[in-house]
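The following exercises concern ring contacts, burial and strand pairing. Each task is followed by a worked solution.

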Amino acid sequence: MMKKYIYMAVCAFAALPMTAQETYENARLMEQDLNGTARYVGMGGAMEALGADISTISSNPAGIGLFRSSNISGSFGVVSQAEGEDYRTGDKTNFSFDQLGFVYSSRTGRSSFVNVAFNYHKDRNFDYILSAAGAHDGRSSQNNLSFIKGIGENDKDGASYYNFANGKGTHWWTSELDNVYYNSYIIDKSGNPYCDIASDYVMNRANTGYIGVYDFNISGNINNRLYLGLTIGLHDVHYKGVSDYQENIIDADGVASGNLIVSDEREVTGMGYDVKAGLIVRPFEESAFRIGASINSPTFYKLTTRNHTYLTNNTPFTDSYNPRYTANDSYEFKLYTPWKFGLSIGHTVGTNLALGASFEYADYGTTDTRYLTGTYYNEWTNSYSDDSESDKVMNTHTKETLKGVSTLKLGAEFKPTKEISLRAGYNYVSPMYKTDGFKNGFLDSYGSNCSSATDWVNWKDTNRLTLGFGYRHNNFAIDLAYQYSSRKGDFYPFVSASGDYNYYTEKDGAEVLVTEEIVTDCKPVKVKDNRHQFLCTLTYTF
C-alpha cells in the first residue's frame with residue numbers, strides 16, 4: 001500500500017499571479033475513450049492500417065485515403081455504468097451522440113484518389129459516478145489536513161490561522177478548500193481552533209460532459225501503394241463535476257459530534273487544436289498487407305475552470321453566526337498535451353477476412369501546464385493573443401505522477417456473405433498514473449492554491465472487449481457494436497501529512513510553549529469504472 005507523508009515546515013512565501021490547473025484534474029481531460037463508428041469500435045479500434053473508415057481520421061489520417069467512393073455516416077448509442085447509483089446530476093445510463101461525418105472521394109488517375117473529409121466524434125465521455133467510503137484511523141480528517149497547512153510556529157493567536165479574511169497568519173499555499181474550512185471558524189469549547197477527528201467518510205461525485213473533436217482531413221493515395229493523410233482537429237471541452245464529501249466527526253473523548261459536508265462544483269470549458277499526419281504503405285505489390293505510421297501533435301488547449309465550494313458544519317465546533325462558508329474561483333490557463341505516436345499493420349484475405357493491429361504511445365509525464373502572463377499584439381493575424389509560461393512546479397509534479405501510456409488494439413472482421421459482417425476486438429491501455437503518485441496540495445503553484453478538492457484516484461490499466469455486426473444493402477449500411485470497458489483504481493480522500501503545531505498555554509502562572517504533532521493517515525479504497533456501450537452507425541454511400 002502506498003503511504004505518502006508530507007512534513008510541513010512553516011515558511012513565508014509571497015502569492016504569485018499564476019493560473020494553472022492541478023495534475024489530476026488535467027489528467028481527467030487527457031484520457032481518451034474508444035469511440036467512433038460502430039465498425040471501428042467493433043474491431044477494437046485496430047483499423048489504422050486497414051483504413052476506409054472515417055474514424056481513422058483522428059488515429060491515422062492516411063486511412064481516409066483508402067476510400068474509393070463518397071459516404072456520409074452518423075453514430076449514436078447508450079453508455080451505462082455497471083455499478084453505482086444515480087447521483088445528483090449524474091445518471092448511470094445515458095444516451096450519447098457519438099459521430100457524424102462525410103468523405104468526398106475524387107479519382108485523379110487510374111488508381112489514384114484525392115479525398116477530403118470532415119468528422120465529429122466524442123473523444124471523451126465524462127459521464128461517471130464515483131462512490132467511495134472508508135474509515136479513518138487516529139487523528140485524521142480532511143479538515144485536519146487544512147489545519148496542518150495553516151500551522152503557525154510560536155503563534156499565540158491560533159485562531160488567526162482559521163480566518164482567511166482577517167489577513168493574519170495567512171500562508172499562500174493554502175487552497176480554496178482550506179479557505180472554506182478557515183472561514184467556518186471550526187473551534188473547540190474553549191474557543192481555540194479545533195482539529196477535527198473523523199471516524200469515517202463518504203464521497204459521491206457525478207462527472208458529466210464531453211470532449212468533442214471536429215476533424216478536417218485531406219488525404220489520397222498513389223497507385224494504391226502509398227497513402228498519405230493530414231488532419232487538423234478542433235477540440236471542444238465541456239466538463240462538470242459535482243460532489244459531496246462527508247466526514248462523521250468525533251470529539252477528543254471519542255464521542256460522535258455530527259458531521260462536516262463539503263460540496264463542490266467544478267466546471268472546465270474551452271477549446272484546443274491539434275495536427276495529425278499519417279501514412280500507409282503496401283510494401284508488396286501482389287499482397288494486401290499494409291504498414292501504417294502516424295504522429296499526433298500536442299493538443300494546445302486554452303481552458304477556463306470555475307468552482308463553487310461550500311461547507312455545511314453540523315457539529316458543535318462552529319461559530320453560531322457562520323455555520324456555512326462558500327468559496328468561488330474562476331480563471332483561465334493553458335494545457336499542452338503530449339505528442340502521440342502510432343504504428344499499425346493490417347491485412348485482408350480476399351473479400352471475407354480483415355485483420356488489424358495497432359500500437360500507440362504517449363508520455364503524459366511531459367504534459368505542459370501553463371499560466372497566462374498577459375496578452376500581446378500579433379501583426380500576422382491583426383489580433384491580440386495570450387502569452388503564457390510553463391508552471392514549472394506543477395509540471396515537475398506531473399512528471400513525478402504521470403507516465404508513458406501504451407495502447408494496444410487488435411481486431412478482426414469476417415464476412416460470411418457479401419451483406420453481413422461479424423467483428424471482434426480487444427483494446428488495452430496501460431496505466432497513466434504511477435503507483436506512488438499523489439495529489440500534492442502543498443505545492444508552490446496556483447494550481448494547488450485554487451484546488452477545491454483533496455481526493456484523487458490512481459487508475460490502473462484499462463481492458464476493453466468489443467463485438468460488432470454489420471449489414472449492407474445497396475448504398476445503405478447499418479452497423480452495431482457492443483463494448484465492455486473495465487478498470488480499477490485506488491481512491492484517496494486526501495494525502496497523508498504531518499506537522500508540528502506550537503502554541504502557548506498558561507501553567508503555574510507562566511506561559512509554557514507546547515508542541516503538538518498532528519498527523520493525517522490516509523488509506524486507499526478500491527473503486528471500479530466498468531462500462532457497457534451499445535453503438536449504432538448508419539451510412540449512405542454515393
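**Exercise 1: A tilted ring pair across two strands**

In this predicted model, Tyr482 has a relative accessibility of 25% and is therefore partly exposed.

Task: Classify Phe534 by its accessibility, then determine how the rings of Tyr482 and Phe534 are arranged and which strands they belong to.

Solution.
1. Phe534 has a relative accessibility of 48%, so this residue counts as partly exposed; the exposed class begins over 50%.
2. The ring centres of Tyr482 and Phe534 are 5.1 Å apart, and a pair requires centres within 6.5 Å.
3. The planes meet at 45°, so the arrangement is tilted.
4. Tyr482 belongs to strand E19 (residues 476-492) and Phe534 to strand E22 (residues 525-541), so the contact ties together parts separated by 52 residues in sequence.

**Exercise 2: Further aromatic contacts**

Task: State how many aromatic pairs the structure holds, and describe the geometry and burial of the pair formed by Tyr331 and Phe333.

Solution.
1. The total is 18 aromatic pairs.
2. In the pair of Tyr331 and Phe333, the centre-to-centre distance is 6.1 Å and the angle between the planes is 55°, a tilted arrangement.
3. Tyr331 has a relative accessible area of 7% and is buried. Phe333, at 0% relative accessibility, is buried too.
4. Beyond pairs, one aromatic cluster is formed by Tyr24, Tyr433, Trp456 and Tyr492.
5. A ring may also meet a charge: the charged end of Arg487 sits over the ring of Trp459, 4.2 Å from the ring centre.

**Exercise 3: Burial along a helix**

Task: Determine how many residues of helix H4 are buried, and name polar or charged side chains by residue from the list.

Solution.
1. Helix H4 spans residues 142-149, and eight of its eight residues are buried, so the helix is mostly covered.
2. The buried residues include Gln142, Asn143, Asn144, Ser146 and Lys149.
3. Leu145, Phe147 and Ile148 complete the list of buried residues in H4.

**Exercise 4: Strand E12 and its partners**

Task: Identify the strands that pair with E12, the sense of each pairing and the number of bridges.

Solution.
1. Strand E9 (residues 290-296) pairs with strand E12 (residues 340-349) in the antiparallel sense, over seven bridges. Within this pairing, Ser294 stands opposite Gly342.
2. E12 also pairs with strand E13 (residues 353-363), again antiparallel, over 10 bridges. Here Gly346 stands opposite Gly356.
3. E12 and E13 form a hairpin with three residues between the strands, where Gly350 takes a positive phi near 60°.

Technical notes:
Residues are numbered from 1 along each chain as its sequence is written. This is a predicted model: local features need pLDDT of at least 70, side-chain atom pairs count only at pLDDT 80 or more; totals for chains, interfaces and linings use all residues. Side-chain values use heavy atoms; hydrogens and water are left out. Rings of Phe, Tyr and Trp (its six-membered ring) pair if their centres lie within 6.5 Å; planes under 30 degrees apart count as stacked, over 60 as edge-to-face and the rest as tilted. Buried means under 20% relative accessible area, exposed over 50%, partly exposed in between (1.4 Å probe, protein chains only). Helices (H or I, at least four residues) and strands (E, at least two) are DSSP runs, numbered from the N terminus. A charge sits over a ring if NZ of Lys or CZ of Arg is within 6 Å of the ring centre and within 35 degrees of the ring normal. Two strands pair if DSSP finds at least two bridges between them.
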